[in-house]
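Let's take a friendly walk through the side-chain contacts of this protein. Please keep the sequence and the structure at hand as you read.

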Amino acid sequence: MTHRERVETALNHEQPDRCPMQVTFTPEFADRLRQDMLDRGTLKRGADRGHEKAHNPHGGGNTYELETALDEDILLTSVGWANSYYQEAGQYRDEWGIEWKPVPYQTRFGTGVYTEITRRPLEDDSAIDA
């Protein structure tokens with residue numbers, strides 16, 4: 001099945017050859033995965049077109065080489081607020097009034113940062129009227 005056929009089959013509540021897949025990564029994990037795939041030869045050198053900066057899974061310069069090499073069925077992209085998930089300015093509020101904060105994490109492979117919602121503008125039902 002093609003990626004499109006796989007997704008359409010699943011959306012039609014039919015059985016595809018496998019579950020459609022879409023994966024996103026923190027920038028640190030994407031860098032580590034990219035290097036591992038280059039070392040193993042599953043990502044060709046130069047395939048990342050010199051994409052050395054932080055990976056943005058929502059567009060914003062994403063070259064989609066990792067997603068393509070992993071044979072993902074759906075490529076996630078966006079314009080605007082979603083591109084600020086990994087900005088370096090610290091806590092921020094997006095266009096929808098959602099407040100985010102960076103949260104550092106530590107693994108045996110190193111450190112990184114993911115973003116977490118700290119304020120939901122519609123958590124109080126009366127906010128809908130405003």
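## Side-chain contacts in the model

A search of the whole structure finds 2 aromatic pairs. One of them brings together Y105 and Y114, whose ring centres are 6.3 Å apart, with 35° between the planes. This pair is classed as tilted because its angle falls neither under 30 degrees, which would count as stacked, nor over 60, which would count as edge-to-face. Both tyrosines can be placed on the accessibility scale too: Y105 is partly exposed at 24% relative accessible area, and Y114 is partly exposed at 29%. Please bear in mind that this is a predicted model.

Another ring has a charged partner. The charged end of R32 sits over the ring of F109, at 3.5 Å from the ring centre.

## Salt bridges

How many salt bridges does a search of the whole structure find? The search gives 8. The table shows three of them, with the closest N to O distance for each.

| Salt bridge | N to O distance |
|---|---|
| R18 and D73 | 2.8 Å |
| R40 and D36 | 2.8 Å |
| E99 and R93 | 2.5 Å |

Let's begin with R18 and D73, which meet through their side chains in a salt bridge. This pair links distant parts of the chain, with the two positions 55 residues apart in sequence numbering. R18 lies in the loop between α1 (3-11) and α2 (27-40), while D73 lies in the loop between α3 (65-69) and β1 (92-93). Is each partner buried or exposed? R18 is partly exposed, with a relative accessibility of 29%, whereas D73 counts as buried because its 10% is under the 20% cut-off.

The bridge between R40 and D36 stays within one helix: the two residues are 4 apart in α2, so about one helical turn separates them. Here R40 is exposed, at 64% relative accessible area, and D36 is partly exposed, at 33%.

In the third bridge, E99 meets R93. E99 counts as buried, at 17% relative accessibility, while R93 is exposed, at 53%.

Some of the bridges are also connected to one another. Through shared partners, salt bridges join R6, D17, R18, D71 and D73 into one network. The R18 and D73 bridge described above has both of its residues in this network.

Methods: Residues numbered from 1 in each chain as written. Predicted model: local features only at pLDDT ≥ 70, side-chain atom pairs only at ≥ 80, totals over all residues. Heavy atoms only, no water. Phe/Tyr/Trp six-rings, centres within 6.5 Å; stacked < 30°, edge-to-face > 60°. Buried < 20%, exposed > 50% of the residue type's maximum accessible area, 1.4 Å probe, protein only. Lys NZ or Arg CZ within 6 Å of the ring centre and 35° of its normal. Salt bridge = Lys/Arg side-chain N within 4 Å of Asp/Glu carboxyl O.
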